[in-house]
Amino acid sequence: MPVRAVELAEQFETIEKQEHAARLAMWVFLGSETLLFAGLFALYAAYRVMYPADFHQALAHNDTVLGTVNTVVLITSSFTVALAVHYVREDKSRLAALLLGLSVAFGMTFLVVKFVEYADHIHHHALPAGMYTMANAPPAGAVMGQTLYWFMTALHGLHVVAGMIMLGVAAIGCARRRYGRHRFIIVENSGLYWHLVDIVWIFLWPLFYLVK
């Protein structure tokens, strides 16, 4: 079954201009997302310098093994997404759909592991802001360390969910042969977003699991 023809919106003169606009919009969006996380990383660095011992105590219970497993899971998912973009460009839409579905499964695996971690934190009362009740922890720096951990990882988790939705939509489109060699901008943009999600985690992983 041939890939459906690209639908040209009335505000564009050509398909090329329409896809260029979509690609540019995604890069602008990714730039805004990068600024958001850059601000949070700067905030983390500032408080880390102010309260090095408190941050060490607040993050000491984070499970490095689980954090590393999630890192491997996300890196692998970025690889399958890159393969999906490659194959849809070669008009192998069904194979691309399979790889995108596999990437969504990796995203779900990441979230399951993260929820296991959160459950353990809650069990040990390692909670953010005013809910923080971990015993023998100095209040100021430790509370800030836990708050940043919960906020930044939860925000990243929301981005994982958004990325899974985008990849899922792209996978369904590929499975239905809506996307192929001449129409893959949605698959490409979904892949770009997923790579950003992966890159953000690459920075979160050492900050909250390796540098304690």
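1. A residue is called buried here when its relative accessible area is under 20%, and exposed when that value is over 50%. Please keep that cut-off in mind, along with the fact that this is a predicted model. With 11% relative accessibility, Y118 falls on the buried side, because the cut-off is under 20%.

2. Now for the overall picture. The chain has six helices and zero strands, so its pattern along the sequence reads α-α-α-α-α-α. Along the principal axes, the C-alpha trace spans about 65 × 30 × 25 Å.

3. How much of the chain is buried? Of its 212 residues, 43% are. As for the outside, about 10700 Å² is exposed, and carbon and sulfur atoms supply 72% of that area.

4. A word on how the chain meets itself. Take the contacts between residues at least 6 apart in sequence: 80% of these join residues at least 24 apart.

5. The charges deserve a brief look too. There are 14 positive and 14 negative charges in the chain, and the mean positions of the two sets are 7 Å apart.

6. Aromatic rings are a good place to linger. Eleven aromatic pairs turn up in a search of the whole structure. One of them joins Y118 and W150, which are stacked at 4.5 Å centre to centre with 15° between the planes. Y118 belongs to helix α4 (residues 93-123) and W150 to helix α5 (residues 139-175), so this pair ties together parts 32 residues apart in sequence.

7. Is W150 buried or exposed? W150 has a relative accessible area of 14%, so W150 counts as buried under the 20% cut-off. W150 also pairs with Y149, this time edge-to-face, at 6.3 Å centre to centre and 85° between the planes. Y149 is buried as well, like W150.

8. Which residues do the ring pairs link into a cluster? The members are Y44, F55, F115, Y118, Y149, W150 and F208. If you are viewing the model for the first time, you could begin at the stacked pair of Y118 and W150 and then look for the other rings of the cluster, among them F55 and F208.

9. F55 leads us to helix α2 (residues 52-59), where the buried residues are D54, F55, A58 and L59. Why do these residues line one face of the helix? Seen down the axis of α2, they fall within an arc of 120°, so they share one face. F55 thus has two roles in this note: F55 is a buried residue of α2 and a member of the ring cluster.

Technical notes
Residues are numbered from 1 along each chain as its sequence is written. This is a predicted model: local features need pLDDT of at least 70, side-chain atom pairs count only at pLDDT 80 or more; totals for chains, interfaces and linings use all residues. Side-chain values use heavy atoms; hydrogens and water are left out. Helices (H or I, at least four residues) and strands (E, at least two) are DSSP runs, numbered from the N terminus. Buried means under 20% relative accessible area, exposed over 50%, partly exposed in between (1.4 Å probe, protein chains only). Contact means heavy atoms within 4.5 Å. Accessible areas come from the Shrake-Rupley method with a 1.4 Å probe; for residues, only the protein chains shown count as cover. Lys and Arg count as positive and Asp and Glu as negative; His and the chain ends are not counted. The place of a charge is taken as NZ of Lys, CZ of Arg, CG of Asp or CD of Glu. Rings of Phe, Tyr and Trp (its six-membered ring) pair if their centres lie within 6.5 Å; planes under 30 degrees apart count as stacked, over 60 as edge-to-face and the rest as tilted. The arc is that of the directions from the helix axis to the C-beta atoms.
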